[in-house]
Amino acid sequence: MANAEPVLQPRQPAPADYYQNNLQQAFSFVLERYADMLSADDVDRLQQFLGASADAQRLLARLLTRAGPYFLRSTLNYAEVSSPDDAVAELHQRGLISFQSGAADRLIKLYTKNALCERFNLAATIRKLTKQQIIEHLLGRYTDRQLAQRLGAVQAWVRLRHLSLWRLSRLLFFGSTSQDWSTFVRKDLGQIRYEELPLSRPQYQDAAALSERLLAQHLQYLCYRLDEYPQLAPALFSALTEAMHDKSTGDRLQRCALLLAHWVERNLCPDLALRIYELTNKPPARERRVRILQRLEQLEAAGSLRQEILNAPLSAKEQVFAERFGRRGAGFQPPVTEMRIRGPYDSIEEYALTELVPDSGWGVHCENSLVRSLTGLLYWPVIFADVEDAFTNPFQSAPHDLFSEDFCQRRRVLLSKHERGLSDDSELVKFLTRTVQAKNGTANRLVNWTLLQTVPLEQWLEALPVKVIRALCQFLIRNLGDYRSGFPDLFICYGPDDFEFVEVKGPNDQLQPQQRAWFRVLDELKLPARVFKLKPR
DNA sequence: ACCTTGCACGCAAAC
DNA sequence: CCGGCCCTAG
DNA sequence: GTTTGCGTGCAACTAGGGCCG
Ligand SMILES: [Mn+2]
Ligand SMILES: [Mn+2]
C-alpha cells in the first residue's frame, strides 16, 4: 500500500514508451470489448495503430495528447521518437494522418500574426488589426486549399485524421467524456490514486445501446446551441419524440427533453414546452408542467398534477415544490437568526464565520462536502463493491449507479453486514481512521480529500459525536440522489461534541428547496441547525 | 463532467 | 513591458 | 416581504512558455 516512487515527475521526461503504452492499453481495451460495435474501418484504424512501429506509435500518442487536428512539422520532435520523418511517413502510409487540408481556420491559427503578415504581404493598415481579424480577412480572400498550400510553404504541417474515432475510443475507455489521456498522467504523478476496480461486462451490450448514447450526446449538443440556431427546435422535438418512443429510454435522452423544453418555455411557447415536458417524468418535468398549466390558467389540471406529485414524489425537491406551490410559508420552517452586517466582506459565508465562531471553537465553510466525505469513507467497501454493471472502466471514481434510486437495494446484503460491523462506536471510529489512512488520495466521487487536509479526521471526530456521524451517513447513503446537495454552508464547533450546522443567507438570497429538505432531515435527526440571515446595515 | 456538470449566489421582476 | 490566455508537458 | 426566473461564477492538477493586445 505504501506509495512506490511515482512513474512520472513534473518537469522530468516521461519514460520513452510511456504515452505509447497508455494508448496501447486503451485501444486494446476498446478493441477487446467493443470491436463488434465499431465499423470495420474504425477497427482497422485502431489495428493500424497497434501494428505500427514504436516510433509511429509514440508520435501518434503525442498527437493525441495535443489539441490538433493540425500540427506544425517543427513541433513534432520528441526525444523518444528516433526518426520523426519516418514516423510521419508511416502514419501517413497507414492512413492516420494526412497532408491535405480540410477547413483552414484551425490551421491558420498555428501561425503567428507576424508570419501571416509576412507571407501574405499585408498592408500596414491590415497589420494593425488583431490576429483574429487578420485571420478572418484571409479566410474571406483565399480558399482553404490556397491557404493550406501557402502556409505550408512557410512551415510544413500535418493533419490528424479520424478525430471522431479517437473521441469515441476515449469515451469507450474512460466511460465518460470528461476524462482524457491526462488521467494517466495525474495518476502516475501520484496526484490521484484509483481503486482496483472489479470490471464487469462492457458498458454497452450492443450497437444499439452505444448508438443511443451517441445520439443522446449529439442531441444534447444541439440543445445547447438553440440560442444560436432557434430553427432547430422543431427538428429536435421530433427527433426526441422518435428516440423516446419506447418507455425504457436512457437518462441522457430525458435530460435532453428537459433542456429542450426549458428552452422552448423561455423562447417559444408554453404549449409546446408542455408537450415536450410530457415526454418524461424526470424531475423537474412535472414541476414545470404544473407551473405552465397554472400560467395557462388550467387550474384543475395544475392542481391534480400537483396532487400526483404529492402522492408519489420522484425527488425531495419535487416534494418540497408540491408542498409549497401556491401556499406561501408552507413546508418545513427551520429556525432563523438574523443579524445586521457590520463590516465589509468578500464571501458572505466567511464573514458569517467571523461572527459565529467563538475564540474557543472553530468552523469551516464546506457545504455538502462534509457529509459526503464522511459517507464516502464510512461506506467505502459498499461503494466499490462488485455489483453487476457498476464498474466498466478502469478509472471510475464511483459505480455507475451511485446516485440511482436502487443503489442500496442492489447492495443490501453487504450494506447491512457492513452496518452491523459499525454498530459499535469504537469500531466505527477505527474503520474511519483506517480508511483515511489506506485510501488517502484515492478517487471517490463522494470524498473531498482537500477538506480532510484542511480539517483532519481526528478533528472532526472530536467535534462530532459518533452517533451523529452514523446517523448522517446512514441517511445519506440511502438518499444520495436527493441529498447530495443542499447541506448547510457552515460547520461550527463550539467545543467537544458541541456543534451546529448553519446555512448563511445574504440580503438577496433565500432557502432553496434542496436546502429546506435537508433542514427537515436535520430536524428529524434532532441535530442543531439554523439559518443565519444577514441583513444590510 | 470540460462541445459539461453541479452547485450556489445575487439580482430583478412578478406575485 | 506586463497581464491574460492558450497550449503543452509531466 | 416572498417567490420565481435568469445570469453568473467557480471548481474540476499544476507550472511554465510563447503569443497577443
Ligand atoms: Mn452555500
Ligand atoms: Mn448560503
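## Salt bridges

In this predicted model, the number of salt bridges comes to 29. One of them joins Arg 94 to Glu 90, whose closest N and O atoms are 3.0 Å apart. Arg 94 is partly exposed, at a relative accessible area of 23%, while Glu 90 is buried, at 17%.

A second salt bridge brings together the side chains of Lys 317 and Glu 287, with 3.9 Å from N to O. This pair connects distant parts of the chain, since Lys 317 belongs to helix α18 (residues 316–324) and Glu 287 to helix α16 (residues 285–295), 30 residues apart. Lys 317 has a relative accessible area of 28% and is partly exposed; Glu 287, with 7%, is buried. Salt bridges also link Arg 201, Glu 388 and Asp 389 in a network.

## The two manganese ions

The manganese ion (ligand 1) is coordinated by Glu 367 through OE and by Asp 489 through OD, at 2.0 to 2.2 Å. Glu 367 is found in the loop between β5 (362–365) and α20 (369–378), and Asp 489 in the loop between α27 (480–483) and β6 (490–495), so the two residues tie together parts that are 122 residues apart in sequence. Glu 367 is partly exposed, with a relative accessible area of 31%. Asp 489, at 4% relative accessibility, is buried.

Three residues serve as protein donors of the manganese ion (ligand 2): Asp 489 (OD), Glu 503 (OE) and Val 504 (O), at 2.0 to 2.3 Å from the ion. Their spacing in sequence is D-x13-E-V. Both Glu 503 and Val 504 are buried. Asp 489 coordinates both ions, and these lie 3.5 Å apart.

## Helix α20

The loop that holds Glu 367 is followed by α20 (369–378). This helix is mostly covered, with 10 of its 10 residues buried. Among the buried residues are Ser 369, Arg 372, Ser 373 and Thr 375, as well as Leu 370, Leu 374, Leu 377 and Leu 378.

## Contacts with DNA strand B

There are 26 residues around DNA strand B, and those that come nearest are Thr 177, Ser 178, Gln 220, Tyr 221 and Glu 367. Of the strand's atoms that come within 4 Å of the protein, 71% belong to sugar and phosphate. Glu 367 is also a ligand of the manganese ion (ligand 1). The residues of the surface near the strand comprise 14 charged, 10 polar and two nonpolar ones.

Several side chains make contacts with the strand. A polar side-chain atom of Arg 167 is 2.9 Å from a base nitrogen of DNA strand B. In Arg 252, a side-chain N or O atom lies 2.6 Å from a phosphate oxygen of the strand, and for Lys 505 the corresponding distance to a phosphate oxygen is 3.4 Å. The elements that contribute two or more residues to this surface are α12 (207–224), α14 (251–267) and β7 (498–505). The largest share, four residues, is given by α12.

## Lys 505

Lys 505 has a further partner within the protein: its side chain meets that of Asp 509 in a salt bridge, at 3.2 Å from N to O. Lys 505 is buried, with a relative accessible area of 3%, whereas Asp 509 is partly exposed, with 32%.

How values were computed: Residues numbered from 1 in each chain as written. Chains lettered and ligands numbered in written order. Predicted model: local features only at pLDDT ≥ 70, side-chain atom pairs only at ≥ 80, totals over all residues. Heavy atoms only, no water. Donors = N, O, S within 2.8 Å, 3.2 Å for Na, K, Ca; no water. Buried < 20%, exposed > 50% of the residue type's maximum accessible area, 1.4 Å probe, protein only. Salt bridge = Lys/Arg side-chain N within 4 Å of Asp/Glu carboxyl O. Near = heavy atom within 4 Å. Polar contact = N/O pair within 3.5 Å; in protein donor to acceptor, adjacent residues only side chain to side chain. Nonpolar A, V, L, I, M, F, W, Y, C, P; charged D, E, K, R; others polar.
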